[in-house]
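Hi,

Here is the structure I promised to pass on. Have a look at it first, and then read my notes underneath.

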Amino acid sequence: MALSDADVQKQIKHMMAFIEQEANEKAEEIDAKAEEEFNIEKGRLVQQQRLKIMEYYEKKEKQVELQKKIQSSNMLNQARLKVLKVREDHVRNVLDDARKKLGEVARDQGKYAEILKLLITQGLYQLIELNVVVRARQADHDLIESLMPAIQQEYKNVAKKEVHLKMDTDNFLPPDSCGGVELLAAKGRIKIVNTLENRLELIAQQLVPEIRTALFGRNANRRFTD
């Protein structure tokens with residue numbers, strides 16, 4: 001049975017409607033899948049960037065914290081150095097005051113004579129030389145020369161040796177020196193310095209820890225003492 005033109009047209013329209021419906025459904029499926037993939041990718045990128053931002057700020061925070069610790073440590077060290085300097089200056093002032101008072105020793109001729117005798121005798125026991133030159137302040141020459149016979153005799157009695165003392169009349173200790181002597185032997189190649197300033201310096205080296213303790217108290221961080 002032959003189809004009429006109307007039937008053919010009707011079938012064609014039906015087929016076209018079916019194809020169009022299939023195409024629309026396929027297009028919707030593609031759009032839905034594309035949107036799903038888009039949302040997944042967008043979420044992945046957002047999460048990725050969020051992690052990068054978090055890592056960046058965590059790194060920055062650690063850098064800031066480290067910088068704060070370094071700055072705090074530097075400031076603490078500077079403060080400690082300032083405290084130490086103030087303390088050392090105070091100790092030095094105490095020693096300077098002691099040096100100034102040394103100048104008063106020579107005013108008491110009797111006491112100063114005994115000190116000179118001890119300083120010279122001690123130096124002789126260190127030198128153990130036959131001929132020794134005594135160098136002193138020019139103002140002390142007469143006093144020292146008056147002490148020489150007794151010093152030589154005492155040395156002979158104790159050391160069982162002779163010693164000949166001679167004043168250095170060409171070179172003197174500075175007039176602003178606190179006093180004391182220098183002993184020279186072997187044509188000046190051997191020298192014993194027994195000035196009052198030198199003796200104070202030797203004593204100061206031993207007493208500085210005790211002076212610090214007396215001024216500032218015992219250091220709590222120090223486990224042992226000499």
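Below is what I found, starting with the whole chain and ending with single residues.

First, the ground rules. This is a predicted model, so to speak of local features a pLDDT of at least 70 is needed, and side-chain atom pairs count only at pLDDT 80 or more, while totals for chains, interfaces and linings use all residues. Residues are numbered from 1 along each chain as its sequence is written, and side-chain values use heavy atoms, with hydrogens and water left out.

**The chain as a whole**

You'll find four helices and four strands in the chain. Helices (H or I, at least four residues) and strands (E, at least two) are DSSP runs, numbered from the N terminus. Going along the sequence, the pattern reads α-α-β-α-β-β-β-α.

The chain has 226 residues, and 22% of them are buried. Buried means under 20% relative accessible area, exposed means over 50%, and partly exposed is in between (1.4 Å probe, protein chains only). The accessible surface is about 17500 Å², with 55% of that belonging to carbon and sulfur atoms; areas come from the Shrake-Rupley method with a 1.4 Å probe, and for residues only the protein chains shown count as cover.

As for contacts (heavy atoms within 4.5 Å), take those between residues at least 6 apart in sequence: 73% of them join residues at least 24 apart.

**Two helices against each other**

How do H2 and H3 pack? Their angle is about 45° and their axes are 10 Å apart. The axes are lines fitted to C-alpha atoms, for helices over the stretch in contact, and angles run from 0 to 180 degrees between N-to-C directions. That makes H2 oblique to H3. On the scale used, angles under 35 degrees are roughly parallel, over 145 roughly antiparallel, 65 to 115 roughly perpendicular, and the rest oblique. The crossing of H2 and H3 is right-handed, meaning that the near helix is turned clockwise from the far one by less than a right angle (anticlockwise would be left-handed).

On the H2 side, the residues that meet H3 include Tyr112, Leu116, Ile120 and Leu124, and among their counterparts in H3 are Leu143, Leu147, Ile151 and Tyr155. Sorted by class, this contact has 13 nonpolar, two polar and two charged residues. Here Ala, Val, Leu, Ile, Met, Phe, Trp, Tyr, Cys and Pro count as nonpolar, Asp, Glu, Lys and Arg as charged, and the others, Gly among them, as polar.

One more residue of H2 to look at is glutamine 122. Glutamine 122 is partly exposed, at 32% relative accessible area. Leaving aside neighbours within four places in sequence, glutamine 122 is in contact with Asn194 and Arg199. Its C-alpha atom is 9.6 Å from that of isoleucine 192, although the two are 70 residues apart along the chain.

**Two unusual backbone angles**

Most residues other than glycine have a negative phi. Isoleucine 128 goes the other way, with a positive phi of about 50°. You'll see isoleucine 128 in the loop between H2 (109–127) and strand S1 (131–135), where it is partly exposed at 47%. Lysine 160 also has a positive phi, of about 60°. Lysine 160 is in the loop between H3 (141–159) and strand S2 (164–167), and it is exposed, with a relative accessible area of 69%.

**Strands and loops**

Which residues does threonine 195 touch? Not counting residues up to four places away in sequence, its contacts are Leu173, Gly179, Gly180, Val181 and Glu182. Threonine 195 is in strand S4 (residues 190–195) and is buried, at 8%.

Glutamate 182 lies in strand S3 and is buried too, at 12% relative accessibility. With the sequence neighbours up to four places away left out, glutamate 182 touches residues including Val133, Arg135, Lys191, Val193 and Thr195.

Finally, two loop residues. Threonine 169 is in the loop between S2 and S3 (180–185) and is exposed at 53%. Its C-alpha atom is 9.2 Å from that of valine 134, which is 35 residues away along the chain. Alanine 139 lies in the loop between S1 and H3 and is exposed at 71%; from alanine 139 to glycine 179 the C-alpha distance is 9.4 Å, with their positions 40 residues apart in sequence.

Cheers
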